[in-house]
Amino acid sequence: MWWLLLLIPAALVVFLAVIFIRAALFRPRPEEKRTPTAVTLDEEKMTRDMQELVRCKTVSYREKGLEDEAEFDKFKQTLEALYPAVHSTCEREFLGTRAILYRWKGKSDKDVTVLMSHFDVVPVNEDQWEKPAFDGLIENGELWGRGTLDTKVTLCSIMEAAEQLIGEGFVPENDIYFAFGGDEEIAGEGAPLIVEAFRQRGIHPALVVDEGGAVVEEIFPGVTQPCALIGIGEKGMMDIKMTVRSKGGHASSPPPHTPVGVLAKAVTKVENNPFKGSLSKPAAEMFDTLGRHSTFLYRLIFANLWCFKPVLDSMCKKSGGELNALMRTTCAFTMMKGGKASNVIPPEVSVYGNIRIMGGETPETVLQYLNETIGDSDVKIEKVHGQNPSPYSPTEGAGWDKVTGAIRETWPDALVSPYLMIACSDSRHYAGLADNVYRFSAMALSKEERGFIHGNNERIKLDTLHTAAKFYLRLIKSC
């Protein structure tokens with residue numbers, strides 16, 4: 001017994017020593033310092049061009065009758081008018097009704113780069129905006145309009161960079177393609193058609209860059225520096241419908257549990273029993289990269305996930321939001337349908353959920369978990385549509401180096417880190433065609449600005465707009 005009494009405190013001392021030593025050694029790795037290459041940009045021209053692009057009301061709807069195809073045609077014509085050098089130098093083709101593919105011939109067609117964006121935007125509740133959503137109004141150094149952040153800024157930046165470089169006589173080392181979709185917001189056919197064209201032509205891009213992470217602050221516990229987050233993969237996505245049916249009846253003599261009550265209980269069970277946490281490759285690399293720049297308390301956790309992973313998991317569950325979404329499959333219930341009168345028990349009620357799926361899971365495993373968690377055969381769960389998570393791209397090699405190099409030159413103070421993109425992008429269609437697919441929106445955005453995406457009063461600072469083009473100028477020169 002006395003040996004046991006000695007062993008317990010000794011083991012505790014060793015344990016504490018190990019975790020404190022590991023935390024003390026968990027310091028930032030040496031980072032390559034880049035001296036920014038000087039790039040010039042006609043900022044006034046870019047501002048005017050962006051205004052013209054915003055004025056094209058390229059709103060996409062799942063109900064095709066609500067779309068104005070003339071506005072999409074106007075957008076294509078506007079591109080041709082604003083960027084004559086690109087259109088005289090690059091090959092252009094239209095795929096389907098919306099997708100635009102440009103080919104800028106380089107000295108070689110071997111290590112092809114694809115720069116992506118989409119020019120359709122989500123609908124607008126204009127009565128809730130402080131400024132008109134499609135006027136391209138500039139006020140206090142900000143350009144207002146739907147699509148300024150998502151993602152006409154990217155398209156404009158790519159085209160401005162190309163227009164300028166072509167005018168300077170620059171020829172890229174390898175072919176560069178500009179792949180612009182006009183139906184990304186409704187998961188349309190544009191990007192798949194472009195990918196299929198590449199596949200049929202035997203083109204396997206060496207680098208693909210699409211929208212995704214950004215340069216953000218206060219996104220990681222204990223880190224005060226801005227962080228440039230590059231999505232090296234994205235979660236899968238699935239919509240589900242949960243339905244409960246009954247015989248209906250008069251509300252004056254209800255059964256013990258109405259269909260609404262049964263469905264409410266099912267929803268509560270799902271929300272109270274989150275999916276199991278897991279540490280994906282992107283999240284693990286993000287914690288390992290940014291955790292080294294955190295405070296000592298957080299370094300204790302991130303340096304010792306072998307024992308503190310449950311603590312991290314608990315933190316994520318309680319906080320919800322982006323950090324939690326990095327750790328597990330999530331389910332957000334978004335729509336409900338029920339009866340048509342307050343005094344009638346509806347014969348059918350349903351609720352819709354949007355699920356973002358972690359790597360290693362599939363729509364089928366998600367449905368199995370939901371059925372087991374709810375445990376009620378009266379609740380019918382069906383998949384509306386869904387897709388698997390994307391593969392993960394490497395965080396080393398030429399493609400990664402080109403993207404991180406351009407970031408470090410453009411935002412020298414930012415910590416560059418991989419991360420898992422929790423939303424979806426058109427780049428998911430490149431799975432199986434390209435290994436180096438990176439998701440980075442070339443903007444420094446505050447939390448408030450990120451909230452403008454798909455929200456009211458979307459707008460972009462002019463400096464943010466111009467800096468995005470400088471990123472693409474540097475990236476294109478390295479390709």
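User: Happy to be looking at this one with you! By class, how many residues in the lining of the second largest pocket are nonpolar, polar and charged?

Analyst: Glad to help, and please keep in mind that this is a predicted model. The second largest pocket has a volume of about 400 Å³, and 19 residues line it. Sorted by class, that lining holds four nonpolar, six polar and nine charged residues.

User: Which element gives the most to the lining of the second largest pocket?

Analyst: Three elements each give two or more residues to this lining: α8 (281-290), α13 (398-410) and β15 (415-421). Among the residues nearest the pocket centre are W400 and R408. With five residues, the element that gives the most is α13.

User: Let's move to the open sheet of four strands: which are its edge strands?

Analyst: The strands are paired antiparallel, in the order β11-β13-β9-β14. Neighbouring strands are turned by 20 degrees against each other on average, direction ignored. The strands that pair on one side only, and so form the edges by the bridge criterion, are β11 (330-337) and β14 (380-387).

User: Which residue in β14 is the bridge partner of T243?

Analyst: Strand β9 (residues 236-245) runs antiparallel to β14, and seven bridges join the two. For T243, the bridge partner in β14 is K380.

User: And what angle does the direction of helix α12 make with that of β14?

Analyst: Helix α12 (residues 363-374) packs on the sheet, where it touches β9, β13 (348-357) and β14. Taken against the direction of β14, the direction of α12 makes an angle of about 155 degrees.

Technical notes:
Residues are numbered from 1 along each chain as its sequence is written. This is a predicted model: local features need pLDDT of at least 70, side-chain atom pairs count only at pLDDT 80 or more; totals for chains, interfaces and linings use all residues. Side-chain values use heavy atoms; hydrogens and water are left out. Axes are lines fitted to C-alpha atoms, for helices over the stretch in contact, and angles run from 0 to 180 degrees between N-to-C directions. Contact means heavy atoms within 4.5 Å. On a 1 Å grid over the protein atoms alone, a cavity is a set of points where a 1.4 Å probe fits but cannot get out, and a pocket is an open set with protein on both sides within 12 Å along at least five of seven lines; lining residues have an atom within 4 Å of a point. Grid points are joined across faces, edges and corners, and a volume is the space filled by probe spheres set on the points. Ala, Val, Leu, Ile, Met, Phe, Trp, Tyr, Cys and Pro count as nonpolar, Asp, Glu, Lys and Arg as charged, and the others, Gly among them, as polar.
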